[in-house]
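Trainee: I would like to learn how to read a model like this one, feature by feature. Could you walk me through it?
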Amino acid sequence: MLTIFLSVLVLSSTHQIKKARDNVRKFPDEFIFGAATASYQIEGAWDEDGKSENIWDRLTHADPCSITDCSNGDIADDSYHLYKRDVEMMRELGLDFYRFSLSWSRILPTSFPDKINEAGVQYYNNLIDEMLKYNIEPMVTLYHWDLPQKLQDMGGWTNPYIVDWFADYARVAFEMFGDRVKYWITMNEPREICYQGYGANTKAPRLNIKGTAEYMCAKNLLMAHAKAYHIYNEEYRFSQGGIIGITLSANWYYSETEADIEAAEEAVQFEWGQYANPIFSEKGDFPPVMKEKIAAKSAAQGFARSRLPEFTPEEVEYVRGSADFFGINHYSSYIVYRNESMATYHEVPSYYDDLNAVIYQSSEWEHGASDFLKVVPEGFYKLLTDIKQKYNNPPIYITENGYSTYGGLVDDDRIAYYRKYMDAMLDAIDEGCDIRGYAAWSLLDNFEWMEGYLERFGLYEVDYESPERTRTPRKSAFVYKQIVRTRELDWHYEPDTDVMTIDEGY
Ligand SMILES: *[C@@H]1O[C@H](CO)[C@@H](O)[C@H](O)[C@H]1NC(C)=O
């Protein structure tokens, strides 16, 4: 036995590391584990107890079959009524924290703070208190895509007054919940809000006003984020003692060939540098490459000024440094190329014409139910180390990562995805990346936006045929529970999936 042990030790050190990885890897001591959801995707009760209409209510009611299965979030997981079961699931998993979002139109039915909806506030108080009873830390997203419809009617994120509207709403949230909530996220995925909602038609409000609306949205959203940050920083941080950041969707972009390296880096700058650079870089502001390219194209196209709004020097300073942490939602990677065919490839003007490159995924990459969800764990590692290098190693929380299927309790593909991506994250931690926590998307199946209930991301399966919206743990729930319990990634762990229990006292 001893001889075997010694002979293993003299093998090359790289081989030693590889072997260790194939077995068990430890997470850092202070690392926290959670799971994430969003209000519109789980709550239901869309018009109950005084809640008013938001842009997803409007879209799904006015144009039901814009959603793949013609469904909506009217009932969704009914978490508005079943929140105790949700907390019970968090306890079954042994989560350290739970990330959820507040519904603006549930708390402020007029969109403004002139009328605070007691019942809406009570719902979130009940959820938070139920979690804290079991030492589960709330991580609260203020805005996860469900803008009050009235504000959309006034231009939504293209109206600069939204900076004040959002700030007023944020202040109400800090006031109501900040005594117990110590992790705040202002916005979830600005790119999806602005590009998909305003520059394309793949999320509400589906404006599809290309080359202008998405940039107006971006500037206003960053200013609104910064204003909420400064309010927290100046009025609440001292008494409440929490932290506040923002969550960006950040994918990785590979260059197709060596000739495309510049195009791939520019794709990074457009796709998430657009939001990261103003907040996390040393100089702030939109990335220089975006400013130059969009200004040049705008001039050539006959616009009176750049389609990308400018930040004044004061605004650059206002936004720069306005986050205590960098929240990352990461799912997959892409490939980028640029050649002569670009000239006719994209609509003019448009965001992708401004970037002047094509972004796609390899059909050879393995993928989940969501077509975009190609399994490329190395891209996660590259992303995390790139963020460390570009922005002076900011504290990071992985606020979403996960995998879709079409349902079923035995989800070995999801388990493999989680293990591969956590392994890549541990590689980044070994490289010195300051990653402090990880939230699986999602605690339970939910309304997956334009894909309705077809694509399932849950650790728990939800039965949408049952009035009780019965939740059942998938095999991945048992595996995640073991990771959280042991603080270790063990590739060979096979769970006994007979019965899910709550383990007290860890
Ligand atoms: C541009 O690159 C793409 C992807 O490699 C290729 O399919 C296309 O034929 C190229 N077009 C030109 C004009 O070089």
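Mentor: Gladly. Keep in mind that this is a predicted model. Let us begin with a single loop residue: Ala259 sits in the loop between strand 7 (252-255) and helix 12 (261-280).

Trainee: Is Ala259 buried or exposed?

Mentor: The relative accessibility decides that. Ala259 has a value of 70%, so Ala259 counts as exposed; the cut-off for exposed is over 50%.

Trainee: And how far apart in sequence and in space are Ala259 and Tyr337?

Mentor: They are 78 residues apart in sequence, and their C-alpha atoms are 8.2 Å apart in space. Tyr337 leads us on to the ligand, as Tyr337 is one of the residues around it.

Trainee: Which residues are around the ligand?

Mentor: Glu256, Tyr337, Asn339, Glu340 and Ser341. Sorted by class, this shell has 1 nonpolar, 2 polar and 2 charged residues.

Trainee: Which side chains there have an N or O atom facing a ligand oxygen, and at what distance?

Mentor: For Glu256, a side-chain N or O atom is 2.7 Å from an oxygen atom of the ligand. For Asn339, the corresponding distance to a ligand oxygen is 2.2 Å. As for cover, the ligand taken alone exposes 360 Å², and the protein buries 45% of that.

Trainee: Let us move to aromatic rings. How is a pair of aromatic rings described?

Mentor: By two quantities, the distance of the centres and the angle of the planes. This structure holds 50 aromatic pairs. Take Phe33 and Tyr480: their ring centres are 6.2 Å apart and their planes stand at 80°, so the pair is edge-to-face. The angle is what settles the class here, because planes over 60 degrees apart count as edge-to-face.

Trainee: Where in the chain are Phe33 and Tyr480?

Mentor: Phe33 belongs to strand 2 (residues 32-36) and Tyr480 to helix 18 (residues 475-486). With their positions 447 residues apart, the pair links distant parts of the chain. Phe33 is buried, at a relative accessible area of 0%, and Tyr480 also counts as buried, at 1%.

Trainee: May I see another pair worked through?

Mentor: Try Tyr143 and Trp157. The ring centres are 5.1 Å apart and the planes are at 65°, so this pair is edge-to-face. Tyr143 lies in strand 4 (residues 137-143), while Trp157 lies in the loop between helix 8 (149-153) and helix 9 (162-177), 14 residues apart. Both Tyr143 and Trp157 are buried.

Trainee: Which residues form one aromatic cluster with Phe33?

Mentor: The cluster consists of Phe27, Phe31, Phe33, Phe380, Tyr403, Tyr417, Tyr418, Tyr421, Tyr438 and Tyr480.

Trainee: Which arginines lie over the face of a ring?

Mentor: Look at the distance from the ring centre in each case. Arg91 lies over the face of Tyr134, at 3.6 Å from the ring centre. Arg307 lies over the face of Phe303, at 5.4 Å from the ring centre.

Trainee: Now a buried acid. What does the side chain of Asp445 contact?

Mentor: First place the residue: Asp445 is in the loop between strand 12 (435-441) and strand 13 (460-462). Its relative accessibility is 0%, so Asp445 counts as buried. A polar contact of 2.7 Å joins the side chain of Asp445 to that of Arg456. A polar atom of the Asp445 side chain also lies 2.9 Å from the backbone nitrogen of Gly458.

Trainee: Turning to the backbone, where are cis peptide bonds found?

Mentor: Read omega for these. The bond from Ala204 to Pro205 is cis, with omega near 5°, and Pro205 is in the loop between helix 10 (190-199) and helix 11 (213-240). Val348 and Pro349 are also joined by a cis peptide bond, with omega about -10°; Pro349 is in the loop between strand 9 (333-337) and helix 15 (351-355).

Trainee: And which residues other than glycine have a positive phi?

Mentor: Glu189 is one of them, with phi near 55°. Glu189 sits in the loop between strand 5 (183-188) and helix 10 and counts as buried, at 7% relative accessibility. Arg469 has a positive phi of about 45°. Arg469 lies in the loop between strand 13 and strand 14 (471-473), and at 12% relative accessibility Arg469 counts as buried.

Technical notes:
Residues are numbered from 1 along each chain as its sequence is written. Side-chain values use heavy atoms; hydrogens and water are left out. A residue is near a molecule or strand if one of its heavy atoms lies within 4 Å of it. A polar contact is a pair of N or O atoms within 3.5 Å; within protein, one must be able to donate a hydrogen and the other to accept it, and residues adjacent in sequence count only if both atoms are side-chain atoms. Accessible areas come from the Shrake-Rupley method with a 1.4 Å probe; for residues, only the protein chains shown count as cover. Ala, Val, Leu, Ile, Met, Phe, Trp, Tyr, Cys and Pro count as nonpolar, Asp, Glu, Lys and Arg as charged, and the others, Gly among them, as polar. Rings of Phe, Tyr and Trp (its six-membered ring) pair if their centres lie within 6.5 Å; planes under 30 degrees apart count as stacked, over 60 as edge-to-face and the rest as tilted. Helices (H or I, at least four residues) and strands (E, at least two) are DSSP runs, numbered from the N terminus. Buried means under 20% relative accessible area, exposed over 50%, partly exposed in between (1.4 Å probe, protein chains only). A charge sits over a ring if NZ of Lys or CZ of Arg is within 6 Å of the ring centre and within 35 degrees of the ring normal.
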